[in-house]
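Please read this briefing alongside the sequence and the coordinates. It goes through the sheet, the helices, the cores and one loop residue in turn.

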Amino acid sequence: MKLSQVLSGINVKNEYKDVEISDVISDTRQVKEGCLFVCIKGASFDGHSAAVEMLEKGAVAVLCEYDLGLKEQIIVDDTRSSYSPICANFFGNPAQKLKLIGLTGTNGKTTTTFLIKQILENTGKKVGLVGTVQNMVANEVYPAHYTTPDPHELQSLFRKMVDAGCEYCVMEVSSQALAQGRVEGIHFFVGAFTNLTQDHLDYHKTWENYFEAKKRLFKACDIAVTNVDDEYGLKIVDGCDCKVVTYGVENMKADFTAKNVRFSADGIKYDLIGEKIGRVSCPIPGRFSVYNSLCAATVALSLGVEFKSVLEAISKSTGVKGRIEVVPTPNTDYTLIIDYAHSPDGLENIITSLKEIAKGRVVTVFGCGGDRDKTKRPKMGAVAARLSDFCVVTSDNPRSEVPGEIIKDILVGMQDIDTPYKVVENRKEAIKWAMDNAQKDDIILLAGKGHETYQILPTGTIHFDEREVVAEVLREKENND
């Protein structure tokens, strides 16, 4: 592709030679012969400093924000915001051929995107998915490295979806992706908001920055679906030039509401009230499943899906790996559940939901991530201690931090609460301890890791799948018996 084609719509400040390019790259480790290298300034590395080296390695031009004194330079105002539309041009602007549905919020994005995909597929549509657990082109699965991929990977996925005949793409849109311009220039048919609670302040620094990042999605969509039970549900669409459709359980003025809610270990049931009324039966237990399924239903109905089809599809939903996932524990008298909850609000939601169906104790095994927002740690400790019957405090992904120091921060929030707890720093040993000391009818909640199959330690990343750990503990117990 010609450089001029890739730069279509970009405000270039200098003359340049219109050469053929083989790819668009922003990662110095991936530079190859004939590519355009995009110099992006990050938190710890500035791509501009590697421009000369990238040309020596085969790049035919570099996109930069100021004069580097290079013959092959292309100067623009902002390389980060230019990267997304440039990648879109390179892949033939595939997003323009898809109906994009973007979800943002602190909790519930993953499950809700899967529910929307399942509803649309139930009507015979071909649907792509981009998110935390995995990316999908119809039924073909691709690994997910980030909640919202970088522009090159994202546009590549869009291209695959279009080539496979997908009509829709449902995607999680993270606050970091919005702040970093990963979806710059992309227009969404529907943007949906789940909720807003504390998370990612290590990156955004202030609550206002976090909120404003989320709000960007609704400045680039035709229809905004928003949760008006959340205090930010209307604020996030304020001033945005799009149609607003609301949902809620407590707010009677919402366009779509859930009434007569019933909870059980097998799922939830409620009356979905909008232009029509119907009984929703969702086989995913938990109070948050009401909001997730209600959001998914509202999005689908806003897209014109028939009311009856929405109810049918939700009743067949299968859930998502790492979200209130029941792990088989044969020959035991307790239940073990894995959930990704890694924020104070997420932890409160899952424990509260489990308390509603628990016949015995709720035992919460949890930790907090290292090199992330430290202010969450005592809050998560307080939530776990206040709501659980017993806590096992352990490691999550400590990254470069000392695990014991993270645990100390968690325990600060548990000091004035009488709930008994045990500290077991090694997560594998913590899971084993909880299982060995389980009582009849207990629900053991392994919170924080969810779908992840690794653990990031100060010494490096190791393979760590909690499902495998549970199976191993059960095997050892069986052999010892």
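The points below concern a predicted model and are grouped by topic. An open sheet of 11 strands with mixed pairing is described first, followed by helices α11 and α13, the nonpolar cores and the surroundings of Asp-441.

**The open sheet and strand β9**

- The 11 strands of the open sheet follow the order β8-β7-β6-β9-β5-β10-β11-β12-β13-β14-β15, and their pairing is mixed.
- The edges of this sheet are β8 (140-143) and β15 (277-282), each of which pairs on one side only, and the twist from one strand to the next averages 20°.
- Strand β9 (residues 168-172) runs parallel to β5 (residues 99-104), to which five bridges join it, and Lys-99 stands opposite Tyr-168 of β9.
- Strand β6 (residues 127-130) is also parallel to β9 and is joined to it by four bridges, with Met-171 in β9 as the bridge partner of Val-130.
- Because five of the five residues of β9 are buried, this strand is largely enclosed by the rest of the structure.
- Tyr-168, Val-170 and Glu-172 point one way from β9, whereas Cys-169 and Met-171 point the other way, and all of them are buried. In a regular strand, side chains alternate between the two faces of the sheet.

**Strands β18 and β19**

- Strands β18 and β19 pair in the parallel sense over four bridges, and Phe-390 in β19 is the bridge partner of Val-363.
- From β19, Phe-390 and Val-392 point one way and Cys-391 and Val-393 the other way, and all are buried.

**Helices α11 and α13**

- Helix α11 (residues 344-357) has 14 residues, which at 1.5 Å a residue should span 20 Å, and the distance of 21 Å between its end C-alpha atoms agrees with this.
- The buried residues in α11 are Pro-344, Gly-346, Leu-347, Ile-350, Ile-351, Ser-353 and Leu-354, and they pack against α9 (287-302), β17 (335-339), β18 (362-366), α12 (376-387) and β21 (443-447).
- In helix α13 (residues 403-412), the buried residues are Pro-403, Ile-406, Ile-407 and Ile-410; they cover an arc of only 100° around the axis, which puts them on the same side of α13.
- An α-helix has 3.6 residues a turn, so residues three or four places apart point the same way.
- The elements that cover the buried residues of α13 include β18, α12, β19 (390-393) and β20 (421-423).

**Nonpolar cores**

- The largest nonpolar core has 65 residues, of which Ile-101, Leu-272, Leu-347 and Phe-366 touch the most other members, while α9 gives the most to this core, with nine residues.
- Leaving out residues up to four places away in sequence, the contacts of Phe-366 include Leu-347, Met-380, Ala-384, Cys-391, Val-393, Ile-410 and Ala-447.
- Another core, of 32 residues, lies apart from the largest one, and Leu-157, Met-161, Val-183 and Phe-188 are among its residues.

**Asp-441**

- Asp-441 lies in the loop between α14 (427-436) and β21, and its relative accessibility of 31% means that it counts as partly exposed.
- Although Asp-441 and Thr-332 are 109 residues apart along the chain, their C-alpha atoms are separated by 9.4 Å.
- Apart from neighbours within four places in sequence, Asp-441 is in contact with Asp-333, Lys-359, Gly-360 and Arg-361.

Definitions and conventions:
Residues numbered from 1 in each chain as written. Predicted model: local features only at pLDDT ≥ 70, side-chain atom pairs only at ≥ 80, totals over all residues. Heavy atoms only, no water. Helix = DSSP H or I, 4+ residues; strand = E, 2+ residues; numbered from the N terminus. Expected span 1.5 Å × (residues − 1). Buried < 20%, exposed > 50% of the residue type's maximum accessible area, 1.4 Å probe, protein only. Contact = heavy atoms within 4.5 Å. Arc of directions from axis to C-beta. Pairing = 2+ DSSP bridges. Axes fitted to C-alpha atoms, helices over the stretch in contact; angles between N-to-C directions. Core = buried A, V, L, I, M, F, W, Y, C linked by side-chain atoms within 4.5 Å.
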